[in-house]
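Biologist: I'd like to go through this one with you, starting from single residues and working outwards. Can you give me the cut-offs as we go?

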Amino acid sequence: MSADRRVLPDAPNRRGWCPSLLRPMPTGDGLLVRVHPPLGRLTGLQARAVAQGARHFGNGHIDVTARANLQIRGVTPETQGPLAASLEAVGLGDVRDDGSVQRLTLTAPLAGPAIAILAEAVEAAGRAVAGLPAKTLVTLEDGSRFGLAGAEADVMLRLVDPDRIAWALATPDGPVWFAAVPTAQVLRHLTESLHALAASGARRMRDLDADTLSRLGADSTAIPPPLPAPALEPGLHDFGGDRLVLAVDTAFGRCSADGLDSLAAWSDAIGAPDLRLSPTRGFVLVGTDSEGARRAWDALGAQGFVHAADDPRGGVAACPGAPACASGTTPTLGDAARLAEALGPLIAAGLTAHVSGCAKGCAHPGAAALTLVGHHGHYDIVLDGRPDALPAMRLTFEAALDRVRSADSAAALAQAFRTTDTMSSPA
Ligand code: SF4
């Protein structure tokens with residue numbers, strides 16, 4: 001698709017709109033352009049083009065999403081066309097123009113070539129279905145040690161052997177898995193499911209009515225769900241042979257143009273063929289130069305990337321908030337960094353937290369032990385719930401931080417936010 005077919009949005013924060021190169025989305029800091037790298041992988045050339053585009057045509061800020069996409073922020077109506085042209089020139093252009101999801105699949109960063117081939121077949125099947133909801137997601141795993149646990153997929157595929165794939169449909173009660181069938185057959189099930197979703201007007205597969213969901217799995221054999229495979233943690237992983245895997249996450253999903261340039265330079269230096277985006281909002285480099293990988297790990301950590309599994313920022317999700325998003329009224333990123341520091345020991349013990357600019361919960365729609373939800377410059381406090389759940393109280397950020405600092409256990413933290421005093425007001 002060419003840049004002269006771009007569509008400027010006519011309504012801010014349009015729901016159900018999949019932002020792309022040619023269909024940007026207005027936000028608090030200008031237009032947001034989402035880049036969907038094929039297979040969630042970037043060559044060094046493509047990474048540098050995104051960094052250059054963010055620097056020259058945006059405000060230099062890049063978001064890394066949980067679906068392995070990149071978002072360039074601060075774009076203007078005047079710079080959007082040149083930005084789109086520069087990224088199309090390196091193979092990062094839009095693949096459809098109906099506002100539907102540009103990339104349907106999510107694959108683990110260490111997935112092998114068989115998954116790449118399957119992903120291309122799934123993408124082709126998806127492009128043939130008009131009007132797919134913007135959030136449609138198909139996850140592909142190969143049963144290896146590291147996977148995509150936690151991804152909210154509509155359809156899940158798991159390669160069992162070279163030509164047999166187990167599959168699952170999302171339902172209101174969680175995914176229902178079906179026994180492995182040959183690739184051609186699973187692609188037929190997938191196509192039928194995607195057509196049903198597109199025709200329904202629902203946003204997600206789990207929202208389809210029970211009759212439709214049972215019809216889609218009617219001639220399949222239900223099986224127990226496979227064990228979820230966790231995502232690769234940040235760090236330097238030596239899996240033997242000559243493969244050294246370097247995984248770094250971005251702090252709260254934010255990366256700068258300079259940071260992306262650094263990643264591209266280190267990728268070249270350690271002999272990695274590409275930069276693989278991960279569902280933990282980070283990057284994975286698979287290199288062969290172990291000494292160089294260690295230097296890269298140090299340097300990227302010094303640049304602010306989350307490079308160790310015990311970094312407390314890894315336990316706190318945060319959206320861009322204010323001023324980047326027009327729906328936000330609180331500086332979520334700065335607040336999340338301070339909250340992570342205060343929560344350090346509790347995060348090390350497994351607690352999760354979320355600082356959300358509003359109840360939409362873009363960074364983490366699911367539940368966390370502690371969620372701060374921005375509301376007119378204050379935060380609603382949600383315990384063990386989603387951002388749109390009923391809050392326990394409303395506080396200023398400093399008052400919330402005082403309560404966090406007073407707690408030395410998860411139970412004490414919950415208690416601290418159940419005690420009303422003069423600092424809080426009923427939500
Ligand atoms: S959750 Fe954050 S990024 Fe999403 S709409 Fe609200 S303020 Fe904006």
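Biologist: How many other C-beta atoms lie within 10 Å of D384?

Modeller: Burial here is a neighbour count with C-beta atoms placed from the backbone: 20 or more others within 10 Å is buried, 12 or fewer is exposed, and anything in between is partly exposed. D384 lands in that middle class, partly exposed, because its count is 13.

Biologist: What should I know about the model and the numbering before we go on?

Modeller: It's a predicted model, so local features need pLDDT of at least 70 and side-chain atom pairs count only at pLDDT 80 or more, while totals for chains, interfaces and linings use all residues. Residues are numbered along each chain as its sequence is written, starting from 1.

Biologist: Back to D384, then: what is its phi, roughly?

Modeller: D384 sits in strand β20, residues 378–385, where strands are DSSP runs of E at least two residues long, helices are runs of H or I at least four long, and numbering goes from the N terminus. D384 isn't a glycine, yet its phi is positive, at about 50 degrees.

Biologist: Is L39, with its positive phi, buried or exposed?

Modeller: L39 is another non-glycine residue with positive phi, near 60 degrees. It's found in the loop between β2 (30–35) and β3 (41–42). Since 22 other C-beta atoms lie within 10 Å of it, L39 is buried.

Biologist: Which peptide bond is cis, with omega near 5 degrees?

Modeller: Look at the loop between β17 (316–318) and α8, where P323 lies. The cis bond leads into that proline, running from A322 to P323.

Biologist: Zooming out, how many helices and strands does the protein have, and what is its radius of gyration?

Modeller: The secondary structure adds up to 10 helices and 21 strands. The globule rule, 2.2 Å times the number of residues to the power 0.38, is compared with a radius of gyration over C-alpha atoms. For 427 residues the rule gives 22 Å, and the protein is close to that, so it's as compact as a globular protein of that length, with a radius of gyration of 22 Å.

Biologist: And what share of the contacts join residues at least 24 apart?

Modeller: A contact means two C-beta atoms, placed from the backbone, within 7 Å. The C-alpha atoms fill a box of roughly 65 × 50 × 50 Å along the principal axes, and buried residues make up 48% of the protein. Counting contacts between residues at least 6 apart in sequence, the share joining residues at least 24 apart is 61%.

Biologist: Which helix gives the largest share of the largest nonpolar core?

Modeller: Such a core is a set of buried Ala, Val, Leu, Ile, Met, Phe, Trp, Tyr and Cys residues linked through C-beta atoms within 7 Å. The largest one has 129 residues, with V50 and V155 touching the most other members. Its largest share, 8 residues from positions 332–348, comes from helix α8.

Biologist: Which residues does V155 contact, beyond four places in sequence?

Modeller: Nonpolar side chains tend to be buried together in soluble globular proteins. V155 is a member of the largest nonpolar core. Its contacts, leaving out neighbours within four places, are V138, W167, A168, L169, L190, S193 and M205.

Biologist: At roughly what angle do α3 and α4 cross?

Modeller: The axes are lines fitted to C-alpha atoms over the stretch in contact, with angles from 0 to 180 degrees between N-to-C directions. Helix α3 (residues 113–127) and helix α4 (residues 183–200) have axes that come within 10 Å, and they cross at roughly 35 degrees.

Biologist: How many nonpolar, polar and charged residues make that contact?

Modeller: From α3 it's A121, V122, A125 and G126, and from α4 it's L187, L190, T191 and L194. Nonpolar covers Ala, Val, Leu, Ile, Met, Phe, Trp, Tyr, Cys and Pro, charged covers Asp, Glu, Lys and Arg, and the others, including Gly, are polar. That gives 6 nonpolar, 2 polar and no charged residues.

Biologist: One more: which residues does L159 touch, beyond four places in sequence?

Modeller: L159 lies in strand β8, residues 155–161. With 23 C-beta neighbours inside 10 Å, L159 is buried. Beyond four places in sequence, L159 touches A114, I115, L118, D142, G143 and I165.
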